[in-house]
Amino acid sequence: MINNPIIIDGNHAAALIAHQTNEVIAIYPITPSSPMGELSDEWSSNGQKNLWNAIPEVIEMQSEGGAAGTVHGALQAGALTTTFTSSQGLLLMIPNMYKIAGELTPAVFHVAARSLAAQALSIFGDHSDVMAIRSTGFGMLSSNSVQEALDMALIAQAATLESRIPIVHFFDGFRTSHEVSKIESIPAESIRAMIDDDLVQQHRDRAMSPDHPVVRGTSQNPDVYFQARETVNPYYRKMPETVQSCMDRFAALSGRQYRLFEYVGSDDAENIIILMGSGCEAAHETVDHLLREGEKIGMLKVRLYRPFASETFLASIPQSVRRIAVLDRTKEPGADGEPLYKDVMTALADRAMREGGSMPLVTGGRYGLSSKEFTPAMIKGVFDELNGDQPKNHFTVGIRDDLTHTSLAWDDSFVTDANENVTRCLFYGLGSDGTVSANKNSIKIIGEETDLYTQGYFVYDSKKAGAVTVSHLRFGPDPIRSTYLIGDNEAEFVACHQPVFLERYAMLDKAAQNGVFLLNTQHGAESAWETLPDDVKLRIIEKNLRLYVIDAYQVAADSGMGRRINTVMQTCFFAISGILPKDEAIEKIKGAVEKTYGRKGRRIVERNFKAIDSALANLHEVAIPAESGSSTARKDNIPERASEFVKSVTLELIAERGNQLPVSLLPDDGTWPLGTGALEKRNLALQIPVWVEELCIHCGKCPFVCPHAAIRSKAFPADAAADSPESFKHVKIKGKEFPESTRISYQVAPEDCTGCGLCVEICPAKDKSQANRKALNMEPYTAPLREQERINWDYFLGLPEYDRTQVKWRTMKGSMLAQPLFEFSGACVGCGETPYVKLATQLFGDRMMIANATGCSSIYGGNLPTTPYTTNEDGRGPTWNNSLFEDNAEFGLGFRLAVDQHNAHARVLLEQLRDEAENKLDQELVQQILAADQSDEVGIHEQRQRVAALVEALKALDSPAARELLGVTDYLVKKSVWIVGGDGWAYDIGFGGLDHAMASGRDINILVLDTEVYSNTGGQASKATPLGAVAKFAASGKGSLKKDLSMIAMAYENVYVAHVAFGAKDMQTLRTFMEAEAYPGPSLIIAYSPCIAHGVDLKNNLKQQDLAIKSGHWQLFRFDPRLAEKGKNPLQLDSKEPSIPFNEFADTEIRFSMLRRTHPEQAEEFMRKSGEEARARFDHYKQLADIDYTNDAVLTELPEDK
Amino acid sequence: MDLSTQYLGLTLKNPLVPSASPLSRELDTVKRLEDAGASAIVMYSLFEEEIRTEDELFDTYLFNQDIGHAEADSYRPFPDNHGSIIDNYLAHLHQLKQALDIPVIASLNGVSSGGWADHAQEIQQTGADALELNIYYVAADIDESGESVEQRYIDTLQAVNCCLEIPLIVKMSPYFSSVANMVRRLESAGADGVSLFNRFYQPGIDLETLDVTPQLQLSRSSESLLAMRWIAMLHSKVDLTLAATGGIHNAGDVMRLLLAGADVTHLCATLLLNSPEYLETILDEMRQWMEEHEYASIEQLKGSVSQQHAADPAAYERANYIEVLRSM
């Protein structure tokens, strides 16, 4: 029984305490800790106060480094200050952390612990980040569960004030930060009682103040630095005791007693394991189970990791212990053990040295990196290993390491009895169908209405379009310690919210015997059975499952809910599962709906009620035949052309079997092949475009705007298509620039199209007799259409690509004949960014090097299992890498320097060889290579041919210089360096580097995909966010103007700068990309990119861009320094003065219009100012563009000063 | 001279009531109308369509932001408290009630019964003196019978009226097979008045884009004759208030409608085209006409040329084609 229960996740729990016990909160968004900052911001903007009756100041900074600096400053000025972060963010804070600790400043940093970027980035949980700060002097306090995240946050706050040592309070990213759990809240008076105002005053008294001035942060010399560093020792020695006393005080208030090291197990245990973090919960559960089975084992939870209290640690372990396995959730390559293992070893060895006696046998191992599952079976595997003759040291558990054989075996069939009375439910839903929010709602209902403990954990997708979510819910009478996913044969309830998932996921493997399977299908109770795949039927019969079906889409549509099926499926869950009495559950669902939508959404409430009632009426149990009969089987789609690597790795990842891949199959340095995006075939569209060839005017606009490169044009000689399938469409191409017999086809990739409809939206060709019929029309994506177009697409791919040397690049029709080398990304349906990336790859992909800042573009660009980047028929294509969020411009500049260095080296060698081997190398060839004009496709093509000839010649030479040159000949052909990222990178965290890269004058192309907000982490404001737009951390509308990055860049005068918006003026975008790339210095393209964060339906992506231009929110222009050299004005305005009022644009986007509803007067003022600013900005650009640059007009002499 | 008239049980100082239009959006304009002599004001309509659109926006962009990606479950802040079209409407109503001495009639424009009852009650609580229910329904479904369209009106009326104490007037369209019978049915269903007639804005075609676009066409004076005929025929056959609306541009239009039997006349286009102060001119001209024709009060002349009292009652029923054509 829980007193005062609340149902929240770990982030929410930590933030609750942080917000109440601090005055200043400086943050920066990073997954998975962002919600802590967002909640704090929300609470402060709603006027929620802290213990001292003040509203904490929440400020979003430009980076975690910035946040840490601000925290340091606020602390030095005497404010109680906190921050929240993870992973790379924590790394950026390290320099300040040394300072804060060095100055003995009380503060708590709450960290949702996450992997660090090494061979790859990972947003998931482990201790790599917190382990990287253990030398900063911060205390480190670990929480293992949501309850602990709440409790330990408070204990940390109390302890830091008393000890003066700052603390990193950490809990596992996702597993704890995002697990929704029913926990006991801490009453306000207990929080009050834990925080000693005398200590707060002492902190304030130590603050810098001109009324009692001091200097800190001095520079010390060899004479005293060392001694001064040792002055803090008493504080660190005392701290463990202080933390324990805070824990004891907390226990007196709450009844929950914590210890620095907490032992669970038998008093006479011989084998124990030691670990910290959420894995402790699973270990606790496993140990409890094994104890019940009579084993003499135990486990130790480490809570206070720094300072490491050796004495207390030693005292916490029973004397009987003979063998210890220490588990670290991190990896230190090259070390002879991970940090916790070494601390344990040191403590034990130290005692053995001091006191004599034997050391227990201690092994160290790694587990759970990047949220890798850590199950009772694996924990049992560790105990089993300890029991063996020679327990393996430096082991891993949870993976199969066939490379260095570190991994332990485990028996998957081992489960604990902890879940015997627990109801376990699994839900497979679409990210956008509301399954997760409905499940969170169900947890709330069950948690609030019963005495049951609840747990909800959600497995998300790395795709944005058509993302799949799997919800793992547990309900039980006892505290739930199962910090692992619901496993095979465990789920009493499995729901499939999308029938197509049956083909993709072996979800019934998870179903428990005699469980329930709920399926959303359009087939009724009579016919549904026949439509199931064979393996599904088999499982249902084998496991004696009860099968329920509902046509949720129909019910939702009939209730006016569109495609939102969450309420329907939630109702079915309650109706079948019996966790609550049905009527009571229905009443509660309705209550929750009313609470959510309230008076303002009266009609939404009514629609939901209707959906709930008709869900019950349309839910049917299916009679299960004794035998499965025959039907469709689930099959893996293995493309013939795939490489061995792709077959054994990529396709396994796609098939959701990545967990089973052994170490040896994975690339050792994070290198992956291109062209894998095309393997996924996600079939997301409900409608796809169908080409009406006789109406088409071959304008090229549809492939241009397609965010997923799923519609293409190809021109080819008529005879190439002689054997085309009957349904394959192609017509004689319009335009004199093509040879007489040239045909053109516009072909959709049906299985890759997301159905956004932008191609139809842009299509200018209308049927004269039917205004709603265009040359492209969306049609229902039926099985026959899918099959027909799949065949056509395959055929289309086999047709020859159009000769790039013949393409008229300055025309849309021409340039769109080029093959995109960026296709089928996981970006949102209708994404506003990807058309730019795709365009760049069409124009320059075969010579492109991409440095990609972390963010949406790195996620849809490089998140496993696949990449959208691909190669042309010659095997050339963009080579791509993501370094970090903050360093992308520098990273890309590094590419340029290396390429230029290689090129210079090659030229030197070439000249040297020419002079040395006069008779052997073709002098003219060498001369042509050295003097080549590579400013266009023809030039590049010819240079490639010359270099190919050179390679042949060099091979024949067989001299050391020739061999050396052979290693760098590729660099004699132009390389196009692209630096790509979002506005969060360019305007905020990476601005310093961007500025420096531009100032370098080097030939780099910077593409800023400006969504005017941090899109990937969930819509936090950046300095690109416009005035008056609502964003996270700008809930009352951003109060300052959007930074004019282009103006800053233009100030350099040698940077090519442009503003583009592909949906407003496509030719300007095309021309800009070509000019920018051709410009031999730095180029900066700032690309307007509509985003779901704007609160618009992205099927209106193009319209929004048009409105943005017409209202003056966005201007189109190009600043080309080459023009100034010719005596012309370098700035060319490509858009006209604002022609519609600003609000005519703003009212169509929720990011602006919401403010009218939350802060109407402010909104009015912002609208007015934005309109004025749009006009003023245009006028300013216009004035600049009108300056006369001819020599005569240049003022050469200043009038004499009189 | 007594210009006062009875309207929905309220005594108005004259029969000139500006109708639901953008005129009532600005407090300043409404005050000018009051100063010019308006005897009451019908507020701009709370459109069901607008509320519905707003509901959709909230549903899509506030309550369902999740796309299922691990890094974010929302993309915009979720405001603790936010206003809405309904809130704004009620706030404006409150403001008008505070600032004006004349009655304020709120207006609901919609076709379905869902949610209206709640909004009507909120309007009543906020202090509206009466409620106009503007049922603006285009019966586009070829399978829907006239009977069921009529029933829709009755259902909507009853849904709103069931919880209302303030008077309720229905603004209806002329597109009924039997307008008079429909008025009687509305009366039986509880309407305190009817406003004749709603004008439907007709969409047009943009000749460049070939898009079907909404067109705003202001009424013409001649359009008031439609209301005049039906008011004349209904006068004294029903007990509810008869309000005339559509095409009332000058004192002549007003007088004709009053003579036919209207209790009030609603003005819109003429005030938009001229100015709020034009209402004063109409009042002056009305007084002048009454003086010239020796009428002492509106009550005296109201309905004096209705079908019941007209010299040639059949004139209202004749198709009139022949006479009109002959006169050309």
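Helices (H or I, at least four residues) and strands (E, at least two) are DSSP runs, numbered from the N terminus. The model is predicted: local features need pLDDT of at least 70, side-chain atom pairs count only at pLDDT 80 or more, and totals for chains, interfaces and linings use all residues. Residues are numbered from 1 along each chain as its sequence is written, while chains are lettered from A and ligands numbered from 1 in the order in which they are written.

**Exercise 1. Locate the cis peptide bonds that precede Pro307(A) and Pro865(A), and place each proline in the chain.**

Step 1. The bond from Arg306(A) to Pro307(A) is cis, and its omega is near -10°. Pro307(A) belongs to the loop that joins strand 12 and helix 12 (310–316) of chain A.

Step 2. The bond from Leu864(A) to Pro865(A) is cis as well, with omega near 20°. The loop between helix 29 (856–862) and strand 31 (879–881) of chain A holds Pro865(A).

Step 3. For reference, most peptide bonds are trans.

**Exercise 2. Describe the surroundings of strand 6 (residues 139–142) of chain A, starting from the directions of its side chains.**

Step 1. Gly139(A) and Leu141(A) point one way, and Met140(A) and Ser142(A) the other way. All of these residues are buried (20 or more other C-beta atoms within 10 Å of the residue's own, against 12 or fewer for exposed and in between for partly exposed, with C-beta atoms placed from the backbone).

Step 2. Strand 6 pairs with strand 7 (residues 167–172) of chain A in the parallel sense, over 4 bridges; strands pair if DSSP finds at least two bridges between them. Opposite Leu141(A), strand 7 of chain A places His169(A).

Step 3. Between strand 6 and strand 7 of chain A, the chain passes through helix 6 (residues 146–163), and this β-α-β crossover is right-handed (clockwise from the first strand over the helix to the second, with the strands pointing away from the viewer).

Step 4. Strand 6 of chain A also pairs with strand 12 (residues 304–306) of chain A, here in the antiparallel sense over 2 bridges. Met140(A) stands opposite Arg306(A) in strand 12. Arg306(A) is also the residue before the cis bond to Pro307(A).

**Exercise 3. Repeat the analysis for strand 30 (residues 848–852) of chain A and find the bridge partners of Met849(A).**

Step 1. Of the 5 residues of strand 30, 5 are buried. One side carries Met848(A), Ile850(A) and Asn852(A), the other Met849(A) and Ala851(A), and both faces are covered.

Step 2. Strand 30 runs parallel to strand 32 (residues 976–982) of chain A, with 5 bridges joining them. There, the bridge partner of Met849(A) is Val977(A).

Step 3. Strand 30 pairs in the parallel sense with strand 31 of chain A too, over 3 bridges. In strand 31, Thr879(A) stands opposite Met849(A). The path from strand 30 to strand 31 goes through helix 29 of chain A, giving a right-handed β-α-β crossover.

**Exercise 4. Decide whether Asn53(A) and Leu8(B), which have positive phi values, are buried or exposed.**

Step 1. Phi of Asn53(A) is near 65°. Asn53(A) lies in the loop between helix 2 (34–45) and strand 3 (57–60) of chain A. Asn53(A) counts as exposed because it has 6 C-beta neighbours inside 10 Å.

Step 2. Leu8(B) has a phi of about 55° and sits in the loop between strand 1 (5–7) and strand 2 (10–12) of chain B. With 24 other C-beta atoms within 10 Å, Leu8(B) is therefore buried.

**Exercise 5. Give the strand order and edges of the open sheet in chain B.**

Step 1. The order of the 8 strands is 3-12-11-8-7-6-5-4, with parallel pairing.

Step 2. Strand 3 (16–18) and strand 4 (41–47) of chain B are the edge strands, each pairing on one side only.

Step 3. Within the order, strand 6 (residues 130–135) and strand 7 (residues 168–172) of chain B are joined by 4 bridges. Leu131(B) has Leu168(B) as its bridge partner in strand 7.

**Exercise 6. Characterise the side of chain A that touches chain B.**

Step 1. The contact (C-beta atoms, placed from the backbone, within 7 Å) takes 45 residues from chain A and 29 residues from chain B.

Step 2. Helix 15 (435–449), strand 18 (468–476), helix 22 (602–618) and helix 41 (1150–1158) of chain A each supply at least two residues. Helix 41 of chain A gives the most, with 5 residues.

Step 3. By class, this side of chain A has 17 nonpolar, 16 polar and 12 charged residues (nonpolar: Ala, Val, Leu, Ile, Met, Phe, Trp, Tyr, Cys and Pro; charged: Asp, Glu, Lys and Arg; polar: the others, Gly among them).

Note on methods. Contact = placed C-beta atoms within 7 Å.
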